[in-house]
Amino acid sequence: MWLLGVSWALALLVTAASPGPPTAPLDPASIFADLSPAELRTVRTFLMERPELGLAPSHGGPLAKNSLFLVELLPPPKRAALGFLAHGGPRPRREARAVVFFGAQPEPNITELAVGPLPRPSSYRVLGLKGGRSVPFWARPMTQLEYELLHQALVDALAPLEPLLREATGFGFQNCSQRCLTFSDIAPRGLGPGERRTWLVIQRFVEGYFLHPVGLEVLLDHQDTDPQHWAVQQLWYNGLYFGSVRELAELHARGTLPLARLPEPPAHHLFSSYEPRGQFFTGTPTEVHGAKVCEPQGRRYRLRGNRLEYGGWSLAFRLRSSAGLQLFDVRFGGERVAYEVSVQEAIAFYGGHTPAAMQTKYMDAGWAMGASSYELARGVDCPETAAFLDAHHLLDADGPVRFARALCVFELPTGVPLRRHFDSDFQGGFHFYAGLEGRALVLRTTSTVYNYDYIWDFLLYPNGVLEAKVHATGYIHATFYTPEGRRYGSRVHSHLLGNLHTHLVHYKVDLDVAGTGNSFETMDIRFENISNPWSAGSRVVQPQGAEGLPTPAPPAWAGPAPGLTPPLTCPRYHLAVTRRHENEPSSSSIYSQNNPWDPPVTFESFIRNNETIEDQDLVAWVTVGFLHVPHAEDVPNTATPGNAVGFFLRPFNFFNEDPSVASRAPVIVRPLDPPTCSRLEIQRWTPPSPGACIHPEPFSYNGTYRQV
């Protein structure tokens with residue numbers, strides 16, 4: 001069987017669909033490939049031409065309109081996919097999932113459609129959610145149009161505060177050019193169903209503006225689809241609440257308002273920037289290149305479209321615009337071990353003294369973390385030797401948008417042997433030394449969800465181990481410092497509080513070990529205290545937990561995560577195991593962020609149906625996470641060491657021996673004249689020297705993502 005090893009000390013793909021013909025490639029992995037730009041355009045054109053839908057362009061116009069928000073691949077049903085992959089059945093029908101905002105009707109709502117068959121769609125049908133749930137219009141994710149209207153409403157509403165803001169910060173909203181203010185918005189957007197009112201943190205618009213709050217937070221109600229009815233409901237400034245803009249402006253005009261005066265930001269070496277400053281104590285060089293990854297004899301993996309092969313591994317991959325990386329049809333040695341391994345949700349919930357901080361419960365699928373896959377920098381985000389792939393998304397846009405180099409694939413020296421042994425003769429010599437270098441193949445992408453950057457990795461090891469890992473970096477979500485705020489975080493700069501928060505990441509692991517009929521068992525390790533059978537009168541205390549002592553798990557098993565009490569919509573378990581159902585494809589949705597009180601997808605319902613999990617098609621839902629108490633060293637950015645979590649899939653008596661014995665990379669050294677050991681036999685199956693390791697191309701970066 002295969003074991004899920006979950007590491008709890010914050011210890012996960014996308015295929016970037018490349019431009020190509022609309023017809024799917026012949027490789028079986030292509031049934032899971034993301035939609036090509038041509039397919040995305042075809043689906044959009046087909047829906048835009050349906051008069052009964054009445055769709056308008058995404059950009060411009062009113063909020064109260066019908067518009068196409070998202071188009072992405074709708075994966076085929078598992079039974080159809082396995083029938084094709086394993087039994088030579090027909091290729092599954094290729095379809096797209098389309099999310100439509102119906103805002104121009106008496107009862108606005110969000111509807112999901114299945115559109116197909118691709119590459120030439122001719123019909124669509126409504127995709128129902130589990131339990132027949134509908135999605136209210138107010139639960140929709142934010143769009144660029146709504147942000148533009150929100151910004152304008154904020155600028156207009158805060159005009160009376162311009163003298164206050166200029167005096168206290170030197171920056172403003174009105175007629176600004178280089179010295180402007182901006183905002184970050186908080187979610188959930190309210191305190192109950194039907195609300196859409198958002199706390200906005202006002203910040204100086206400088207490099208790293210997330211670390212430059214000015215002490216003003218504004219609650220703006222934008223529930224109505226007509227921005228003329230939007231209004232500021234409350235304000236918080238420098239520790240005090242105000243019922244209106246006028247009230248705050250009048251206090252400032254009378255000179256009775258305690259101002260939070262901020263120092264002038266320096267022209268260079270701003271604390272929130274990456275500009276080098278200071279010196280290391282030892283003086284060792286940092287202005288020269290450090291160690292690099294190289295492939296002296298070329299790549300040892302094969303990348304064909306969205307199929308990846310490495311050693312014993314073979315898999316298909318894609319990048320969902322909605323939620324990120326997915327692996328499909330994961331095989332080792334030609335045998336399927338998992339049908340799907342994918343990221344589901346990333347959650348961060350905060351505490352604080354300011355209203356924005358105490359309201360923050362981020363659910364990043366609602367911010368399209370899969371489509372936030374911006375360009376990876378060669379030599380920084382991925383080694384120079386990596387293979388880079390583009391991604392194409394159609395999300396809140398009037399055509400597909402190309403995200404260059406959104407995914408990379410590379411072989412990584414782990415810096416530690418996969419296994420090794422020195423067999424000493426205990427007389428100053430040895431019988432033999434043997435070792436196998438540590439290598440792993442890495443599939444990587446990133447999600448930059450406003451301030452935070454998540455680095456998503458899947459690592460494939462030659463011994464049949466798969467690791468899913470996520471690193472957290474980027475800017476902390478910080479608020480204006482007040483003495484009362486010290487209970488909720490750390491003072492990381494003069495006017496800045498780093499708010500404590502918990503990160504939780506949820507994964508779906510659809511294991512198919514020797515077929516789809518799997519069972520789940522827990523192994524209870526305990527100590528026994530027994531009489532010593534070879535020494536009368538003495539006792540032996542030893543661990544007990546062999547294969548003969550499995551504990552059958554109850555129906556829909558769930559192991560709680562001690563010490564964590566996340567919001568109701570969040571995963572609450574290190575590990576939960578359920579029966580697989582086609583109408584439970586994901587544990588979260590893009591709607592949960594703005595409707596956490598009654599979300600369309602509720603993970604708790606997956607595990608409350610009391611179904612047997614013996615000899616069934618099972619899914620393991622894995623939660624990993626960590627508590628982050630920000631500190632001064634999180635400036636300018638949170639560093640990756642110590643801020644990574646994940647889990648392992650490990651074979652457990654699945655093979656007769658370690659499958660990495662098939663590798664031709666070990667080194668074996670035996671003395672020919674023991675115990676003198678002056679003549680050695682060195683066995684290698686690779687060239688004696690790796691050769692030069694140089695990548696001649698200079699660094700380059702573009703960073704744009706444009707409609708194609």
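This note covers the domain layout, two sheet regions and one buried polar site of a predicted model.

1. Domain layout. The protein splits into three domains. Domain 1 spans 29–127 and domain 2 spans 144–254. Domain 3 is built from two segments, 301–523 and 569–659. The C-alpha centres of domain 1 and domain 2 are 37 Å apart. Their contact draws on eight residues of domain 1 and six residues of domain 2.

2. Strand 3, burial. Strand 3 covers residues 95–102. Eight of its eight residues are buried, so the strand is largely enclosed by the rest of the structure. In a regular strand, side chains alternate between the two faces of the sheet. Both faces of strand 3 are covered. On one side sit E95, R97, V99 and F101, all buried. On the other sit A96, A98, V100 and F102, again all buried. Note that E95 and R97 are on the list of buried residues.

3. Strand 3, pairing. Which strands pair with strand 3? Strand 2 (residues 66–74) does, antiparallel, over eight bridges. Strand 4 (residues 109–116) does too, antiparallel, over seven bridges. V100 is a useful marker for the register. Its bridge partner in strand 2 is L68. In strand 4, V100 stands opposite T111. Strand 3 and strand 4 make a hairpin, with six residues between them.

4. The five-stranded sheet. Strands 7 to 11 form an open sheet in the order 7-8-9-10-11. The pairing is antiparallel. The edges are strand 7 (181–185) and strand 11 (240–242), each paired on one side only. Neighbouring strands are turned by 25° against each other on average, direction ignored. At the strand 11 edge, three bridges join it to strand 10 (residues 231–237). One register point there is L235, which stands opposite F242.

5. Helices on that sheet. Two helices to check are helix 3 and helix 5. Helix 3 (residues 144–157) packs on the sheet and touches strand 7, strand 8 (197–204), strand 9 (213–221) and strand 10. Its direction makes about 125° with that of strand 7. Helix 5 (residues 245–254) also packs on the sheet, touching strand 9, strand 10 and strand 11. Its direction makes about 40° with that of strand 10.

6. Y452. This residue lies in strand 23 (residues 452–460). UniProt, in an unreviewed entry, places the feature "modified residue: 2',4',5'-topaquinone" at Y452. Is Y452 buried or exposed? Its relative accessible area is 4%, so Y452 counts as buried, the cut-off being under 20%. Its side chain makes a polar contact of 3.0 Å with the side chain of H501. Beyond its sequence neighbours within four places, Y452 is in contact with Y350, S447, A472, T473, Y475, I476, H501, H503, H628 and T638.

7. H628. This histidine is found in strand 35 (residues 618–628). H628 is buried as well, with a relative accessible area of 4%. What does its side chain contact through polar atoms? The partner is the side chain of D634, at 3.0 Å. Not counting residues up to four places away in sequence, H628 touches Y452, I476, N499, L500, H501, H503, D634 and T638.

8. Reading points 6 and 7 together. Y452 and H628 touch each other. The contacts of Y452 include I476, H501, H503 and T638. Those of H628 include these four residues too. For polar contacts between side chains, Y452 has H501, while H628 has D634.

Definitions and conventions. Residues numbered from 1 in each chain as written. Predicted model: local features only at pLDDT ≥ 70, side-chain atom pairs only at ≥ 80, totals over all residues. Heavy atoms only, no water. Pairing = 2+ DSSP bridges. Helix = DSSP H or I, 4+ residues; strand = E, 2+ residues; numbered from the N terminus. Axes fitted to C-alpha atoms, helices over the stretch in contact; angles between N-to-C directions. Contact = heavy atoms within 4.5 Å. Buried < 20%, exposed > 50% of the residue type's maximum accessible area, 1.4 Å probe, protein only. Polar contact = N/O pair within 3.5 Å; in protein donor to acceptor, adjacent residues only side chain to side chain. UniProt positions renumbered as here; feature names shortened; annotations may be inferred. Domains from an automatic or database assignment.
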